[in-house]
Number of protein chains: 2
Amino acid sequence: MELDSRKKAILYAIIENYQETGEPVGSRTISKLEHFKFSPATIRNEMADLEEMGLIVQPHTSAGRIPTDKGYRLYVDKMLEEQKEEKKDLPALPMANLLSKRIDRVEELLVKMAQILASNTNYTTMVTGPHYRKNKLKFLQLSGMEDGKILAVVVLEGNIVKNNILTVEENLDPQELLNLSFLLNNKLNGLSLEEINLGLISQIKEEAGSHSALVTKILDAVAETFAQEESYPIYTSGAPNIFRYPELTGGDKASELISTLEEKKELGTAIGQLSESGSQQDIQVFIGDEVPVDSMKDCSVVTATYSLGEGVQGKIGIIGPKRMNYQKVVDTLKDTMNQLDQVFAKPEE
Amino acid sequence: MELDSRKKAILYAIIENYQETGEPVGSRTISKLEHFKFSPATIRNEMADLEEMGLIVQPHTSAGRIPTDKGYRLYVDKMLEEQKEEKKDLPALPMANLLSKRIDRVEELLVKMAQILASNTNYTTMVTGPHYRKNKLKFLQLSGMEDGKILAVVVLEGNIVKNNILTVEENLDPQELLNLSFLLNNKLNGLSLEEINLGLISQIKEEAGSHSALVTKILDAVAETFAQEESYPIYTSGAPNIFRYPELTGGDKASELISTLEEKKELGTAIGQLSESGSQQDIQVFIGDEVPVDSMKDCSVVTATYSLGEGVQGKIGIIGPKRMNYQKVVDTLKDTMNQLDQVFAKPEE
DNA sequence: TGTTAGCACTCATAGCGCTTGAGTGCTAAC
DNA sequence: GTTAGCACTCAAGCGCTATGAGTGCTAACA
């Protein structure tokens, strides 16, 4: 069967009407719309065809039609296609203020970003913490603290800073500590986790002489810092927004969704999958069953990859009902990415 | 009217039965219980009295009784009273493993603690980040990083560590940095935010000579560290548990509750109030209208103050329906507090 | 051949009346 | 003081009947 332009127009009209109302759309509703000069009967014929093609369905015999995943997919693909050409002007999000802040408070930035996106779109937002492509040790600082403890500060590329407070039995004078600090920096800087192997470790221990126990502790701290980065955190915001959409709150759905959002683990792995399967284009749309999280099969998810320069990047996902306003979400995300790029593309101030 | 022991027994029986079933409790149910050798009619007479006293109510004429806030209050007060004498043995929570971990990852500890409490009680748990009574600067470390940036590590009492990466125009050699570091530590150590006043600042700037601009930046970083600590974070866990209790999910209640939990601000101030109004005893129970958060007027909240040594303390709150198992919650919290105390009371290993 | 009017049909939803059963309060007897 | 008995109340469930939105199909029309 041919999907001519009239059928398309009807499909899109159904989708857009359903987006607003959440109710199945009947032939009469469509025929009363501006651009449609055909009678309900004609529309009905076309709708029967669209249903045959699997683009729309009736929830029950005497109801109007709602779009299927396939119908949405068609709509979204066409939309993304058109997007490439025209450049839309959206009211700018109040992200600018946010972005003028310090870079070293990445976490706060991400949380705020999630909040703004959630309240602006009325959907739920999740943001993965930054993922650092080149995870290398950049800098290591040891400082003695008065009570016999040592503060070890580990800095990775991308300016991830982690602190570890170590307790030592032996007593170190500042000069020894400085020497040790120098030795470790010398040996380890620029190396990734894999490159710090046993041979290197024993070599360092040897050179450290009597302080080899301390070196072990420090290296543990370094390893932990790397590990922490691998299990990067996930921030969510606007979870209660799902209550705006009755189709997401029937039965135990709301509970399951909220649980999924709270237990961020599953989300994390899912997002990982998204990343891998993702093509070059930065915006991806997952509709219904395409979402790789079971409790979200009634949702759609739009993801984007953000970048904070220095190869630091992560994912943003907007989670909403399948009848979400894809146009608005995609535009909003693009706008956000642009703003981020503008700020972080600047030569670092 | 006199609240004799039989009336009390009936009240408690109603409360405990209602805790389990969530359904109004009738006279027949009570009379069939072990210890009650009276007929339903007698129980009914007593129940009429209890209702007159405002301890129980009927949701509608032909229904059983449910406890009022006042009824719960009586029950809880008696329970707390008895607790003081007998020492209960609960199956220990799997907190021990957790507590054997490092102390310097307080945040992780608190999150895990919230999770364990939530899954163990089936209620929602919130934990305020540690509040440091004596907020004094303990240690300040400046390190030059290769790309012309300076890493400023600020350590407060209680081992709160914050990192700030500063960008400097001027070039500093390591020795100058060391001197500056020494100067700042000398001047600032042991001082609280209020004690770092303008006079002191200008004095430091003078001694720092040409690096006064840098000093300003560093002091800003210090101020920010203090400020961050004042808006201490709040962790929640087990929010979806509210869906277990129908009385909390009718209407928009679930949505409001989840929103409140997500927007932790209101919680924070409320918790603040709790702290202030709190007496010496560490466990407090808030029932229904006593809870100082509007969206939680249908809930009860049990709070405890935890302490991690060094005057570092915060609040834990368990949020559940008014028919929550107070006994279990209070016991669990006490057990947790004890475990924390045991670990942190040890001479710091 | 595409479009439309007309009509019979379906079915979710709402409203109505009925029954059921859990639970009560009251009274009178033990 | 306690209990048996009884009339009463009322939420909840069930079946029945509109109601109305919406459909598919057929036949007529341009």
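**Close-up 1. Arg6(B) meets the backbone of DNA strand D.** In this predicted model, look for the side chain of Arg6(B): one of its N or O atoms sits 3.0 Å from a phosphate oxygen of DNA strand D. Thr61(B) also points a polar side-chain atom at the strand, 3.2 Å from a phosphate oxygen.

**Close-up 2. Ser62(B) and a base of DNA strand D.** Here the partner is a base oxygen of DNA strand D, and a polar side-chain atom of Ser62(B) lies 3.2 Å from it. Two elements each give two or more residues to the surface near the strand: helix 3 (40-52) of chain A and helix 3 (40-52) of chain B. Helix 3 of chain B supplies the largest share, with four residues.

**Close-up 3. The protein surface around DNA strand D.** There are 21 residues around the strand, and the ones that come nearest are Ser27(A), Arg65(A), Arg6(B), Thr42(B) and Ser62(B). What kinds of residues make up this surface, nonpolar, polar or charged? The split is four nonpolar, 12 polar and five charged. Now flip to the DNA side: of the strand's atoms within 4 Å of the protein, 78% belong to sugar or phosphate, and the rest belong to bases.

**Close-up 4. Ile165(B) in strand 7 of chain B.** Strand 7 covers residues 160-167 of chain B, and Ile165(B) is part of it. Is Ile165(B) buried or exposed? Its relative accessible area is 10%, which is under the 20% cut-off, so Ile165(B) counts as buried. Got Ser255(B) in the picture too? From C-alpha to C-alpha, Ile165(B) and Ser255(B) are 40 Å apart in space, and they are 90 residues apart in sequence.

Notes: Residues are numbered from 1 along each chain as its sequence is written. Chains are lettered from A and ligands numbered from 1 in the order in which they are written. This is a predicted model: local features need pLDDT of at least 70, side-chain atom pairs count only at pLDDT 80 or more; totals for chains, interfaces and linings use all residues. Side-chain values use heavy atoms; hydrogens and water are left out. A residue is near a molecule or strand if one of its heavy atoms lies within 4 Å of it. A polar contact is a pair of N or O atoms within 3.5 Å; within protein, one must be able to donate a hydrogen and the other to accept it, and residues adjacent in sequence count only if both atoms are side-chain atoms. Ala, Val, Leu, Ile, Met, Phe, Trp, Tyr, Cys and Pro count as nonpolar, Asp, Glu, Lys and Arg as charged, and the others, Gly among them, as polar. Buried means under 20% relative accessible area, exposed over 50%, partly exposed in between (1.4 Å probe, protein chains only).
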